[in-house]
Amino acid sequence: MNLPEATIETHRNGGKLSSISAIMPVWMKKEEDGHTKVIIPLLGLTTWAASENDVEAAASEAIQSFCMAAEKHGLGVDEELKALGWDAEETSPKHGLLSHTTSDELLQQVMQTADQFAFSQLAIC
């Protein structure tokens, strides 16, 4: 059985986070009001999309917001992700690569039910 894995790659310019790339499992649930609930379990995030067509944009914005908040109000994206159980595989002043792999059998099965999205070079302002 393949282990579900998510990765976040960070890029810095002059010590400031400039962009991120992420491969992340995302769950979607149609709500009674017609909106789509978007759950990003490995970041503990929930957001809403106007429709299923907007899910990727909503997830992308939620990930960007998480990273901006971690940089501005936390210890930085890399350290905040480590606190959430992510592993740093490679770090340098300009580049970081973190992954989240689980060996818990129940969580593996749950994670395999999520849709996998790849978010490339999300700009961080």
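Me: How many residues does the largest nonpolar core have?
Reply: A nonpolar core is a set of buried Ala, Val, Leu, Ile, Met, Phe, Trp, Tyr and Cys residues joined through side-chain atoms within 4.5 Å. Buried means under 20% relative accessible area, exposed over 50%, and partly exposed in between (1.4 Å probe, protein chains only). In the largest core, Met-24, Ile-40, Leu-43, Ile-63, Leu-81 and Trp-86 have the most contacts inside it (a contact means heavy atoms within 4.5 Å). The size of this core is 27 residues.

Me: Which element gives the largest share of this core?
Reply: The elements giving two or more residues to it are β1 (5–13), β2, β3, β4, α1 (55–73), α2 (77–83) and β7 (115–123). The largest share is eight residues, and it comes from α1.

Me: What kind of model is this, and how are its residues numbered?
Reply: It's a predicted model, where local features need pLDDT of at least 70 and side-chain atom pairs count only at pLDDT 80 or more, while totals for chains, interfaces and linings use all residues. Side-chain values use heavy atoms, with hydrogens and water left out, and residues are numbered along each chain, as its sequence is written, from 1.

Me: What pattern does the chain follow along the sequence?
Reply: Helices (H or I, at least four residues) and strands (E, at least two) are DSSP runs, numbered from the N terminus. The chain has three helices and seven strands. Read in order, they give β-β-β-β-α-α-β-β-α-β.

Me: Why does the end-to-end distance of α1 agree with its number of residues?
Reply: The expected span of a helix is 1.5 Å times one less than its number of residues. With 19 residues, α1 should therefore span 27 Å. That agrees with the distance between its end C-alpha atoms, which is 26 Å.

Me: Which side chains of β3 point to the buried face?
Reply: In a regular strand the side chains alternate between the two faces of the sheet. Strand β3 (residues 36–40) shows this: Lys-37 and Ile-39 point to one face and are not buried. Pointing to the other face, and buried, are Thr-36, Val-38 and Ile-40.

Me: Which residue of β4 stands opposite Val-38?
Reply: Two strands pair if DSSP finds at least two bridges between them. On one side, β3 is joined to β2 (residues 16–30), antiparallel, by four bridges, with Met-28 opposite Val-38. β3 also pairs with β4 (residues 45–49), again antiparallel, over five bridges. There, the residue opposite Val-38 is Thr-47.

Me: What is the relative accessible area of Thr-36?
Reply: Thr-36 lies in strand β3. Leaving out residues up to four places away in sequence, it touches Met-28, Lys-29, Lys-30, Thr-47, Trp-48, Ala-49, Ser-51, Glu-52 and Val-55. Thr-36 is buried, because its relative accessible area is 1%.

Me: Which residue takes a positive phi in the hairpin of β1 and β2?
Reply: β1 and β2 run antiparallel and are joined by seven bridges, with His-11 opposite Ser-19 in β2. This hairpin has two residues between the strands. The residue with a positive phi, near 65°, is Gly-14.

Me: What share of the 125 residues of the chain counts as buried?
Reply: One example of the buried residues is Phe-66 in α1, which is touched by Leu-81. For the chain, the buried share is 41%.
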